[in-house]
Amino acid sequence: MPFQHDAAQSIKQKGPTLDKKIRVFAPATVANVACGFDIMGFAIEHPGDEVEMTLTERKGVVISKIIGDEGKLPLDADKNTVGIVVKYLLEKVRSKYGVKITLYKQMPLGSGLGSSAASAVASLCAANELLARYEPEKALRREELLPFAMEGERLACGSAHADNVAPALMGGFVLIRSYDPLDVVRIPTPEALRATVIHPHVEVQTRDARSILRKQISLKDAIVQWGNTAGLVAGLWQCDFDLIGRSMQDVIIEPIRSILIPGFDAVKANAMYAGALGCGISGSGPSVFALSRNQEIAEEVGRKMQNAFGALNIDSEVYVSPINRQGPRIIE
Ligand code: HSE
């Protein structure tokens, strides 16, 4: 079912018997996309997280159950991204309702796949849709949910970066042109473009992966990086696969963070050998992603990347996906 933004339309479609319960899926995302640290990301079709939410007469946010997190996430709504973002939203719009949440965690934590972002976005979209049904004048447009989702990231890792939550919320390939003021641009992508994302069974916390970064960079590196960032945007816009590939180089973050990912150089070399356009760390890692010009190459890239991790006895999952243009969706 497509996601409803328009409150009035949502009410009309649902008729007089409005459901107080909703289940929403939000997708995994690849942040940074090699050269665009904190300013670029895209959504993939799967995996993703799901949130089931029920509107309650009693104000406040209750997380009643989390399934699939191996007991790692807190049920306290103030300490969990799914809870805090909705709390901020309901307070901000002065809703007279509260919500009860069940989170279905369907992606690994600390994976570099935007796990906290998917949970927060699913939660916000569920709450906003319930608002659209019961307090339609208080429902927000989808992009207006972004600042709330960013607060979820602040809670999760100490930094309110938007390069996972923006694509999870809006779908597609997203550029954060500016944080202050927030200015987010959706970038068209070639239809055939495929992402391969491999998640090795190693955990890297975003907070740690950010803390090891240098705070200053050289002008020489900055020139290389912004050339690549602009080149990537131009390549996507023009459907120029070679330009996309040439631009997927990160001279600032990858040399530092790749030390947290055992076998990174071999995985990347295998991906490139198999025909990937480019390859880099997905978000803060340990997942590694590659972009390819079609499905067949993307699958071969996945096999070759998995071989490289396998040679080090590291288990992994591979996801091959088109760019997810839809973003979150209501599934029940
Ligand atoms: N841009 C963020 C980082 C993404 O690299 O730290 C985290 O998924």
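**A small cavity lining and a long look at helix 7**

In this predicted model, the residues lining the largest cavity split evenly into 3 nonpolar, 3 polar and 3 charged. The residues in question are N32, A34, D250, I253, E254, R257, G280, I281 and G283. Two elements, helix 9 (254-257) and strand 8 (278-281), each give two or more residues to that lining. The space inside comes to about 60 Å³, and the count of cavities of 30 Å³ or more is just 1.

Zooming out, the chain is built from 11 helices and 11 strands. Its C-alpha trace stretches about 55 × 40 × 40 Å along the principal axes. A compact globule of 332 residues would be expected to have a radius of gyration near 20 Å, and the chain's own value is 20 Å, so the two agree. Of the 332 residues, 57% count as buried. Among contacts with a separation of 6 or more, 74% link residues 24 or more positions apart.

Then there is helix 7, which covers residues 219-237. With 19 residues at 1.5 Å a residue, helix 7 should span 27 Å, and its end C-alpha atoms do sit 27 Å apart, so the expectation holds up. Quite a list of its residues is buried: D221, A222, Q225, N228, T229, G231, L232, V233, G235 and L236. These buried residues pack against strand 2 (40-56), strand 5 (173-179), strand 6 (182-187) and helix 8 (241-247). Just past the end of helix 7, C239 adopts a positive phi of about 55°.

Terms used
Residues are numbered from 1 along each chain as its sequence is written. This is a predicted model: local features need pLDDT of at least 70, side-chain atom pairs count only at pLDDT 80 or more; totals for chains, interfaces and linings use all residues. Side-chain values use heavy atoms; hydrogens and water are left out. Helices (H or I, at least four residues) and strands (E, at least two) are DSSP runs, numbered from the N terminus. The expected span of a helix is 1.5 Å times one less than its number of residues. Buried means under 20% relative accessible area, exposed over 50%, partly exposed in between (1.4 Å probe, protein chains only). Contact means heavy atoms within 4.5 Å. On a 1 Å grid over the protein atoms alone, a cavity is a set of points where a 1.4 Å probe fits but cannot get out, and a pocket is an open set with protein on both sides within 12 Å along at least five of seven lines; lining residues have an atom within 4 Å of a point. Grid points are joined across faces, edges and corners, and a volume is the space filled by probe spheres set on the points. Ala, Val, Leu, Ile, Met, Phe, Trp, Tyr, Cys and Pro count as nonpolar, Asp, Glu, Lys and Arg as charged, and the others, Gly among them, as polar. The radius of gyration is taken over C-alpha atoms; the globule rule is 2.2 Å times the number of residues to the power 0.38.
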